[in-house]
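This briefing looks at how some helices pack against one another and at what surrounds the ligand. Please read it with the sequence and the structure side by side.

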Amino acid sequence: AYQSAVPGYRLGDPSLPQSPVSLAELDLLKQTLLFTEEDTYYLRKAGDVLVPQTDAILDVWYGFVGSHPHLLHYFTNKADATPNMDYLGRVRARFGQWIKDTTDADYGQSWLNYQHELGVRHTRAGKNKTDNVASVEHIHLRYLIAFIVPISATIEPFLNKADASPDEARKMHAAWTKAVVLQVILWSHPYIKPGDF
Ligand code: HEM
């Protein structure tokens with residue numbers, strides 16, 4: 001049976017349901033985002049730089065969420081509104097794996113299937129289930145979209161630590177941002193009424 005080193009992380013799990021988005025639709029999305037082979041190349045390079053800094057990156061992102069009560073809210077216990085530290089910790093481990101997997105994504109069927117699952121996990125259809133927690137039920141789509149900005153902006157200083165020219169750092173950053181936008185688009189699917197995605 002499928003087993004991941006990170007509890008609840010299921011990229012590559014063959015028992016995941018198929019994404020409602022097709023590979024042909026994914027290809028058109030990539031074209032629309034100006035996502036090319038060059039971006040794939042710079043994403044790989046970004047991975048070499050970012051993966052060893054994963055913990056420091058997660059500290060920044062968790063610091064951002066933790067200092068905004070309206071965001072921390074989504075990690076709180078439904079019963080008493082206190083932060084669920086177990087939940088925060090388990091999601092953090094998956095988030096770390098996700099940084100790596102974003103930089104070496106193959107954009108194949110099994111990647112696409114997990115994208116759908118990631119979207120579902122932000123909604124009342126799937127949130128809290130992986131970690132069996134009693135947290136608030138649903139993350140509002142507006143914050144998923146807004147989060148693209150901090151997830152993109154905060155990565156830039158980590159890329160600048162690379163042994164790369166400013167031009168290469170800029171290209172790595174552009175590729176990272178496109179990769180995040182592409183995923184959030186796919187994650188929006190479960191939020192949107194049938195036929196409107
Ligand atoms: C889960 C990334 C927006 C709260 C996750 C995971 C990742 C991730 C990688 C772990 C997925 C897995 O289970 O393997 C992102 C990205 C976002 C985004 C890239 C937007 C660009 C948000 C926002 C919130 C949020 C705005 C609200 C503060 C959560 C929570 C979970 C989670 C609570 C755990 C869901 C569960 O119960 O399984 N996110 N996220 N995320 N994220 Fe997000």
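For a pair of helices, an angle of 65 to 115 degrees counts as roughly perpendicular, an angle over 145 as roughly antiparallel, and one under 35 as roughly parallel, while the rest are called oblique. The model discussed here is predicted, and its protein chain averages a pLDDT of 97, with 100% of the residues scoring at least 70. For the model, the scores are ipTM 0.98 and pTM 0.97.

**Helices α6 and α10**

- Helix α6, residues 109-121, packs against helix α10, residues 166-187, at an angle of about 70°, and their axes lie 8 Å apart.
- Because that angle falls between 65 and 115 degrees, α6 and α10 are roughly perpendicular to each other.
- The crossing that α6 and α10 make is right-handed.
- On the α6 side the contact involves Gln115, His116, Leu118 and Gly119, which meet Gln183, Leu186 and Trp187 of α10; by class, the residues of this contact of α6 with α10 comprise three nonpolar, four polar and no charged.

**Helix α5 and its partners α2 and α3**

- Helix α2, residues 37-50, packs with α5 at an angle of about 150°, with the two axes 7 Å apart, and α2 and α5 are therefore roughly antiparallel to each other.
- From α2, the residues Leu43, Arg44, Ala46, Gly47 and Leu50 make this contact, and from α5 Ile99, Lys100 and Thr103 do so; the contact of α2 with α5 has four nonpolar, two polar and two charged residues.
- Helix α3, residues 54-66, has an axis that comes within 10 Å of the axis of α5 and crosses it at roughly 125°, which makes α3 oblique to α5.
- The crossing of α3 and α5 is right-handed, and here Thr54, Ile57, Leu58 and Tyr62 in α3 meet Arg92, Phe95, Gly96 and Ile99 in α5; sorted by class, the contact of α3 with α5 has five nonpolar, two polar and one charged residues.

**The shell around the ligand**

- Around the ligand there are 25 residues, of which Arg94, Trp98, Arg121, Tyr143 and Phe147 come nearest.
- Two or more residues of this shell are given by each of the elements α5 (85-103), α6, α7 (141-146), α8 (148-153) and α10, and the largest share, four residues, comes from α5.
- In terms of class, the shell around the ligand divides into 17 nonpolar, four polar and four charged residues.

Methods. Residues numbered from 1 in each chain as written. Predicted model: local features only at pLDDT ≥ 70, side-chain atom pairs only at ≥ 80, totals over all residues. Axes fitted to C-alpha atoms, helices over the stretch in contact; angles between N-to-C directions. Left-handed = near helix turned anticlockwise from the far one by under 90°. Contact = placed C-beta atoms within 7 Å. Nonpolar A, V, L, I, M, F, W, Y, C, P; charged D, E, K, R; others polar. Near = placed C-beta within 6 Å. pLDDT = per-residue confidence, 0-100.
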